[in-house]
Amino acid sequence: MPKLKIADVVVEMPLKYPQTAHWYSSYLVSDEEAADIKIETSQKEMDYLVKNGIDITEPIAENMVLCNKFNSQLIRFFGSYIHSSALKYEDKVYLFSADSGVGKSTHTKKWCRLFPDKARVINDDKPSFRMIDGKCIVYGSPFSGGTNIQINEKGELGAIVFIERSEENKLERLDTRQAIVLLIRQTHKRVSEKARDRLLSMMSEILLNYPVYKLYCADNDEAVETAFKIIN
């Protein structure tokens, strides 16, 4: 099986479909590297998703299965994912999170258009993160949903921004109690009790060290101007 380095963890996993292998190609490493994680999949798991999902192709189903299994193991390495569009602006990564369909990807695309030399999306669905030496490091990963917008890059977290649709643009900083409720909704849920405790510990550490905001967001460029306050 091929070996890949995702979130600085070497993982051995099957890549059955050529399209999946193409999505994962920038994460491939030498067979000589020792694997930290070994993942197995079954055709039954993928067939279930294709049969019961909406517009789920076989490669997308394989990607979904690998995503769930990888992130379940990543907790052992003090990491997981946050459902978000991960925008790297200069050397920091800003996570714009919301339920599907709210417009987080639309918002980060505006950043890339307005700041083409400084901003890029390194993952548009499930960027990985790890707590390393007291810092939250965010990684592009191949687990980027159907869009496959992802770059194999990393950077320290700058802030987390939860987006809510609105007719006017407004940014407010959330306290820890407000933020933890929103954050738990957007991370890995199917975990053991021990893993859940570690995940909650990581979330608490993030909230103690990094700002979290709510962006009331209209569909215009002024929303980016409002959100840009987090950079400063």
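**Exercise 1. Aromatic pairs**

How many aromatic pairs does a search of the whole structure find? Classify the pair of Tyr24 and Phe143 from its geometry, and state where its two members lie in the chain.

Solution. The model is a predicted one.

Step 1. Nine aromatic pairs come out of a search of the whole structure.

Step 2. For Tyr24 and Phe143, the ring centres are 6.0 Å apart and the planes stand at 80 degrees, so this pair is edge-to-face. The cut-off needed here is that planes over 60 degrees apart count as edge-to-face.

Step 3. Tyr24 belongs to the loop between helix H1 (18-23) and S3, while Phe143 belongs to the loop between strand S9 (135-139) and strand S10 (154-165); the pair therefore ties together parts that are 119 residues apart in sequence.

Step 4. Tyr24 has 0% relative accessibility and counts as buried. Phe143, at 1% relative accessibility, counts as buried too.

**Exercise 2. A second partner for Phe143**

Which class of aromatic pair do Phe70 and Phe143 form? Add the location and burial of the two residues.

Solution.

Step 1. The rings of Phe70 and Phe143 lie 5.5 Å centre to centre, with 35 degrees between the planes, and the pair is tilted.

Step 2. Phe70 is in helix H3 and Phe143 is in the loop between S9 and S10, 73 residues apart, and the pair links distant parts of the chain.

Step 3. Phe70 and Phe143 are both buried.

**Exercise 3. Helix H3 and Asn71**

Compare the span of helix H3 with the expected one, then describe the surroundings of Asn71.

Solution.

Step 1. Helix H3 covers residues 58-74, 17 residues in all, and its first and last C-alpha are 24 Å apart. This is close to the expected 24 Å at 1.5 Å a residue.

Step 2. The buried residues of H3 include Ile60, Val65, Leu66, Phe70 and Leu74, and among them are also the polar or charged-type names Glu62, Asn63 and Asn71.

Step 3. Asn71 is part of helix H3, and with 0% relative accessibility Asn71 counts as buried.

Step 4. A polar atom of the Asn71 side chain lies 2.9 Å from the backbone oxygen of Cys67.

Step 5. With residues up to four places away in sequence left out, Asn71 touches Ser80, Tyr81, Ser128, Phe143 and His188. Phe143 is the residue that forms the tilted pair with Phe70.

**Exercise 4. Strand S5 and its two partners**

Which strands pair with S5, and in what sense? Are the residues of S5 buried or exposed?

Solution.

Step 1. S5 (residues 85-89) pairs with strand S6 (residues 92-97) in the antiparallel sense, over five bridges. Within this pairing, Ser85 has Phe96 as its bridge partner.

Step 2. The hairpin of S5 and S6 has two residues between the strands, and Glu90 there takes a positive phi near 55 degrees.

Step 3. S5 also pairs with strand S7 (residues 119-123), again in the antiparallel sense, over four bridges. Lys88 stands opposite Arg120 of S7.

Step 4. Five of the five residues of S5 are buried. Ser85, Leu87 and Tyr89 point one way from the strand, and Ala86 and Lys88 point the other way.

Step 5. Tyr89 and Phe96 also belong to one aromatic cluster, together with Trp111, Phe115 and Phe228.

**Exercise 5. Ile122 in strand S7**

What does Ile122 contact beyond its neighbours in sequence?

Solution.

Step 1. Ile122 is found in strand S7 and, at 0% relative accessibility, counts as buried.

Step 2. Apart from neighbours within four places in sequence, the contacts of Ile122 include Ala86 and Lys88, the two residues that point the other way from S5 than Ser85, Leu87 and Tyr89.

Step 3. Further contacts of Ile122 include Val93, Val138, Tyr139, Ile149 and Ile151.

Step 4. Ala21 is 101 residues from Ile122 in sequence and 18 Å away in space, C-alpha to C-alpha.

**Exercise 6. The sheet of S1, S2 and S3**

In what order do the three strands of this open sheet lie, and which are the edge strands?

Solution.

Step 1. The order is S1-S2-S3, and the pairing is mixed.

Step 2. Strand S1 (3-6) and strand S3 (37-38) are the edge strands, each pairing on one side only.

Step 3. S1 and strand S2 (residues 9-12) run antiparallel and are joined by four bridges. Leu4 stands opposite Val11 in S2.

Methods
Residues are numbered from 1 along each chain as its sequence is written. This is a predicted model: local features need pLDDT of at least 70, side-chain atom pairs count only at pLDDT 80 or more; totals for chains, interfaces and linings use all residues. Side-chain values use heavy atoms; hydrogens and water are left out. Two strands pair if DSSP finds at least two bridges between them. The expected span of a helix is 1.5 Å times one less than its number of residues. Buried means under 20% relative accessible area, exposed over 50%, partly exposed in between (1.4 Å probe, protein chains only). Rings of Phe, Tyr and Trp (its six-membered ring) pair if their centres lie within 6.5 Å; planes under 30 degrees apart count as stacked, over 60 as edge-to-face and the rest as tilted. A polar contact is a pair of N or O atoms within 3.5 Å; within protein, one must be able to donate a hydrogen and the other to accept it, and residues adjacent in sequence count only if both atoms are side-chain atoms. Contact means heavy atoms within 4.5 Å.
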